[in-house]
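Reader: I should be grateful for a close look at a single part of this model, with attention to how its strands are paired. Please set that part in the context of the whole chain afterwards.

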Amino acid sequence: MSQDTQPSPMPDDRGVVAVVVAHDGEEFLPRTLAALASLDPGPDFVVAVDTGSADSTPALLATSSAVDRVITLPAETGFAAAVNAGVASITEPSGWVWLLHDDSAPSPDSLGALLLSADDQRSVAVWGPKVLGWDEPRRLLEVGVSISRSGRRHTGLEPGEQDQGQYDGQHDTLAVGSAGLFVRREVWDELGGFDDALHFFRDDVDFGWRAHLAGHRVVVATNAVIHHAEAMARGRRVEAPRDPHAVDRASALYTLLANGRTSTLLFRWLWLLVQTLVRALGYVLGKAPREAAAEVGAIWTVLLRPGRTWRARRARAPGRKVPARSLRSLFPPPGQQVRQTFETLAGSLSVETDVHPSTILESGPVEEDLDSFVASGSGRLGRWVRRPGFVLFAGLVAIELIAWRGLYRGGALHGGAMLPMPSGASDLWQSYTASWHPVTLGSGTMAHPSTAVLAALATVLLGHATWVVPMVLVVGPPLAGLLAYQVTRSFGLSARLRLWVGAAYALNPVFLAATAQGRWTTVLVGVVAPLAAVAVARGVGLGSAGGAAQAVSYRATAVSVLLLAVMLALAPLLIVPFTGAAIALAAWAASRRARVVAFVLAVGPPVLLLPWWSVVAGDPAVLLLEPGVPLVGETLAPWQAVFFDAGGLWSAPWWFGLGVALATLVAVLRAHQVAPVRAALAFLGLCLAWALTVDAITVTPDTSGQPVAVWSGSVLVLAVGAGLVAVSTAARGSRMRLQRATFSWRQPTYAVVVGLALLSPLVWGVSWIERGADDPLVRGSANPLPAFVRAQSALPEQIRTLVLAPADGQLAYTVLRSRDAQWGDVETAPRVDLLTSMDAVVSDLASGRGSAPVDELVSRGVQYVLAVPPVDPDLEVALDSAPGLLRVSNPGQSSLWRVELAAGRVTVLASDAKREVLASEVPGDPVAAQVQVPGAETDRLLELAELADDGWVATGSAVGQTRDLPTPTVSDWAQRFIVGAAPTEVAMVVDNPWRSALLWAQLVAVVALVLVALPGRSRPDEGAV
Amino acid sequence: MSRMTGWARRPAVQLLLVLLMVTAAAVVATAASGTRSTPVATAPQVVPVTETTVACPGLRSRRGFTESAVAAATPPLVPGVDQTDAGSGVVRTLFPRVSREKTLISLSEPGDRGAYVGRNGERDSVTGSASGSLAPGFSVTQTERTVDGAGRGLASTQCQPTGTDFWFVGAASGVGQRAVLVLTNPEAATATVDVTIHGRDGLVDAPGARGVQVGPRSSVSVRLDEVAPGEKVLAVHAQVRVGRLSAAITETDVKGFDPGGTDWLPAAVRPTNELVVPGVPPVARGRDATVRLDIVAPGDAAVVTVSIVTPDGSFTPQGVNIVDVPAQGLASVDLTEALRGDPAAIVLSSDVPVTAGARVLLEDPDIFGDVLFLAAADPLDAAAVVPDNRSTKDLQTRLILTAPESAESAVITGFARGREWTAGRYSLDAGTTKVVTVDVRKIKGRRVDSYGLVVTPGGAGALYGVRMLDEQGPRGPLVSSFPLTTARLLAEVPEAFPQIMVGSAG
């Protein structure tokens, strides 16, 4: 216990030998050596182990008065080996060994405290100090360590926890860190020191665990304090293992497998395998490929090398004296890790609030109100509620909820452009990926890409597809307003101005008209638009304010491509403004990389919708149409588009938009001074030009055959947004400028325009509340079929009902199957030119000329004919007199007739033209068919009442043989196959390998983009040495 | 911007330029949209009908008393019919088992006529069906002539296409009045009919008339004097719930021990606000006539305005021009005084939907009379076909035509024995009625006393007509009539198009 430079006399059996392991530690070593020197009492003998340092460490050790002996080992020596070598070199008899790192400085009285504790409790073999920070002396690093089930080093401390004496005292722990480990020499020798197989991490945990298993106690005495830099784990030491994460994981798994209970070993092995794979996947998602590789590497080096584990366990076996079960209390409880992860996540969010607001994107595109996390601790909720953004959002939601009053209950939401939603997200996914759609007489048309967006939203809403549209229509506009409020912050606008922007955007007439008409796609486009705008700006590196260029962001580019693709999927006609804007961006881009990004923005989104382009190639008209029922009611005088009036069945009077339109016009005056105004006005002009163009044309899609006026709402909603940005940025500071200028005509003019613009959201909101969201949007049954007909439709015969409704002297019809008309049917309906024969059948039937085409109806699976109200008396008379049709009692408003012959979806035609209906039931699949064809004398025709298509394949198994059935050379409208004379079991399915391949490619592309778009992961921060 | 000339850099000028550009774009777009073609609804295609089915209440012959006959014809003059399609036109008896059915008449080509006179005791229901080239205008009537006994009188009716909704106004179930509703189902499935009976004061409780089942290929008679006895006047509404059939009502009256006449009630149109009851016959010298108008209001109470169209023009009968009809009830008006024996049509205008019929009793003083029934009818949209008309010394075929609103014309064509001839071209002034007695014609030197008639309306407005058989028998008049109905010659084929949400705005 002297601080002599002389080797001290041999200590008695209680003598203490300190072992300091050093490697390239010149940064820390002076302080460590000084601390060693100032220890009172100090160790009896100090051995320094230098593992081939390349810096001044050897010199420092050699000249230090505190060190009694220096051992030099090669550079590749692991920590455990170095420690073992250091202890082994102590030939002197000693009672205690004290391990220290070159970056761990004990406080002067620490050794004394340890010795005092050891005196009191002789049963304790291993002692450890309280470890505090190197640079932050109040920060707690360790008060004993343990290991979680996943192998994570567990200290039981919160990140950054300050030492306020809360852990003071002596307590048992699984292990103590190797910095300051104070162990009886005979126990050290008994356990064989550290395990050489552990190169860097978990050696201390392993040692403590083994000590416990051998029947010794491990205790932390917090009155001994050591300051530790944890240089290796934090990457502050240059010569750390090349891949610390990989070594960490391997050590963790090794430790768990080597010391764990034998009875649960296999289970533990499996658990670690699964867990490691999951972690690897998580790292892949977090774009940390090195960490992912480390996880996989750990599987390779530990889990798949049972020999290593076997050797380690055999070496430990003799020392085991205590059942492993008894150590349970020393391990963290299972939930601990989840809690810790959560807290870390929450902590990282609060850290992110320090960054600039325009980095809203960095925390993910749906992050709403970042300011709310600025203040942590108590009162968070209260402060959040008082935030203007929240007040705006809540107010707008209240307005929507009031306007929604007529639509809260009573059946499926439909009407206007809306069709009822299927019940589950899986139905939507099925509809999106299906090769055949059971709509009227069936069609193989690819589903609209908006179905995929809808399905994704429904999946997020836990599969409740029917919630999506009400959510979009009620919460969508307020959310759009909130986003507009948030996004405009980067323009340096005042909160009041931004509130106006948010309210005006959320209540703009296009949203109102779109909601009333059930055009949720337009509303969703408007919600995504602010996010997409920010993403695009960040992607091409546009400055947030003032036009200062920033670096191109590939992550933001990926987000942009995804968001633009979503908007394009919802409203394909946006491809024109998008391409125009991308060309403009490329033309004015600051750098070549930005030009590349602009090119990607122009090409990426359409490429992402690749499978659907086959539909566009067949019918270019669909590129201009939004999905949903084509509304051919009132059309719009195109000039009203200038006032943001989208027209349609219900829209506000055109002058509602006058205030904002005038203000936008006035913003032109500032265009030459403020870059955002210029950009916004340019985009507005582009959108307006396109809206005027499409408003002037009528297209006839193949799937309806009726001319439809193009709905320009989705373009106009972007124009509204651009206009509001232009107005608000132009208005910044205008009051001051006007006050400074001499009084002229300008001030009153501005006052009028500003007044009108400010009043606009108020007028819109009030009119919206007064009108309400219903009509034509309704809730109710969209299925006109009587209950018993619906029930019969669901039977294996799969009968259909022909539904008729007079329409302006013509006759509209549809063929209903067991399921209701639903979203996506309009887009996937068969082309009208394939239904001309059906048109003729219906005309013939409704003419009342007599020769009712009953056989034609039966061959199409039609068992019932329904005339929906208002029933045309002539039509009723015609159907009443149609031979083969019989009126059936129907208590409703509509009139119903039954076809006298039995009908069904699958029929077999004998040579005498007699038709036999076959039952076909494939649960969960409305398309595929499976029938049992009875035997006969000759070959027969099997008819499937679906429009003929090459994709249909029938496989017949008869007398033990299975083969594909041929189709007859003479084709009819229906899908037919030739069945042999023997009884045959036939399965019919649609196969469209091309579409499947394209859909897979689309999935891969989307997943890849999502991976790029996900927020990056911060460096791992675990495992301390 | 920097390259702009000085004046263009001024904000006000830029503002003006933008304003001009926006206005120009809006004007161009609006003008361009004005030229977009609005789809013109094409006129529906018109095609000849290819199949016609009618059902008659049936034969009821009694030797020495009643001569019961059915007659069928297809007119020869429908253009556009594929003559190569032979088609068929047959009248058969109805029997639940098809094999026991008997073909009464078989037509071979358009222009053919055929008749069948029932044998003693034959009481079969009859159906007529035609297809192909024989279908357009295929028409069947049945006529019964009873010269003596309680059922003395002339009765005729046109066999109706099967349907699901029938109205009859003016029958009675009082003392000596026997009215029978005959429901004939020519289909292969059972039909169910609900019969509602309206009396003077409202609905008559007639549980026996609810849910009447009519078996396949058979007929059912419902005795109104049994299900709703003691009503001076009745309106019958037969609604088919399941299936379809044809309905008719026959009424036979006796006065004490004397016959009071018999006839079939023609079906009235569905209740509506404007009605025309055509066919009040002229009263020959030496006869008395009683005309009673019956109006039923199936829903709310109605106030009906009555006017009368005679050969001299239309007028409002004083005192009986406003009729109050109780809710769900009937009102009757005696128009004998107002008509003074003129042929006429009765025009009704109501505030709520009503339908109407009339009963005309023609009698010689001191000897027997006969009754005929009229009903609110539809105007003739196209030609009407009557297969069986007679012209003998005692029996005349008359057509009572009325043009209530506008000047109309009519061409009457006769056909028999493969020949056709124009029996007359008539024009009617607006608001007049004309009685045409069809001339007898000689073909190949032989007098034609049995022939078919086609009445083709010529004007743009509404022409109503009634075919009446008027015989002066030795024991008083024998009369019968039924309204001319548009023959099923041509059918409009509406253009059909697929629509996912039928009935939606799209």
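Author: In this predicted model, V385(B) stands opposite V454(B) of strand 35 of chain B. The pairing to which these residues belong joins strand 28 (residues 384–390) of chain B to strand 35 of chain B through 5 bridges, and the two strands run antiparallel. V454(B) is also faced by T413(B). Strand 30 (residues 408–416) of chain B pairs with strand 35 of chain B in the antiparallel sense as well, over 6 bridges. In general, the strands of a sheet pair through backbone hydrogen bonds, in either a parallel or an antiparallel arrangement.

The surroundings of strand 35 of chain B can be described through burial. Of the 8 residues in this strand (residues 450–457), 6 are buried, so the strand is largely enclosed by the rest of the structure. For chain B as a whole, 52% of the 506 residues count as buried.

Another part of chain B offers a further case of antiparallel pairing. An open sheet of 4 strands has the order 6-3-8-9. Its edge strands, each pairing on one side only, are strand 6 (113–117) and strand 9 (153–158) of chain B. From one strand to the next, the twist averages 15°. Within this sheet, strand 8 (residues 139–146) of chain B pairs with strand 9 of chain B over 6 bridges, in the antiparallel sense; E144(B) has A155(B) of strand 9 as its bridge partner.

As for the wider setting, chain B contains 3 helices and 39 strands. Among its contacts between residues at least 6 apart in sequence, 80% join residues at least 24 apart. Its C-alpha atoms fill a box of roughly 115 × 60 × 45 Å along the principal axes.

Terms used
Residues numbered from 1 in each chain as written. Chains lettered and ligands numbered in written order. Predicted model: local features only at pLDDT ≥ 70, side-chain atom pairs only at ≥ 80, totals over all residues. Buried ≥ 20, exposed ≤ 12 C-beta atoms within 10 Å, placed from the backbone. Contact = placed C-beta atoms within 7 Å. Pairing = 2+ DSSP bridges. Axes fitted to C-alpha atoms, helices over the stretch in contact; angles between N-to-C directions.
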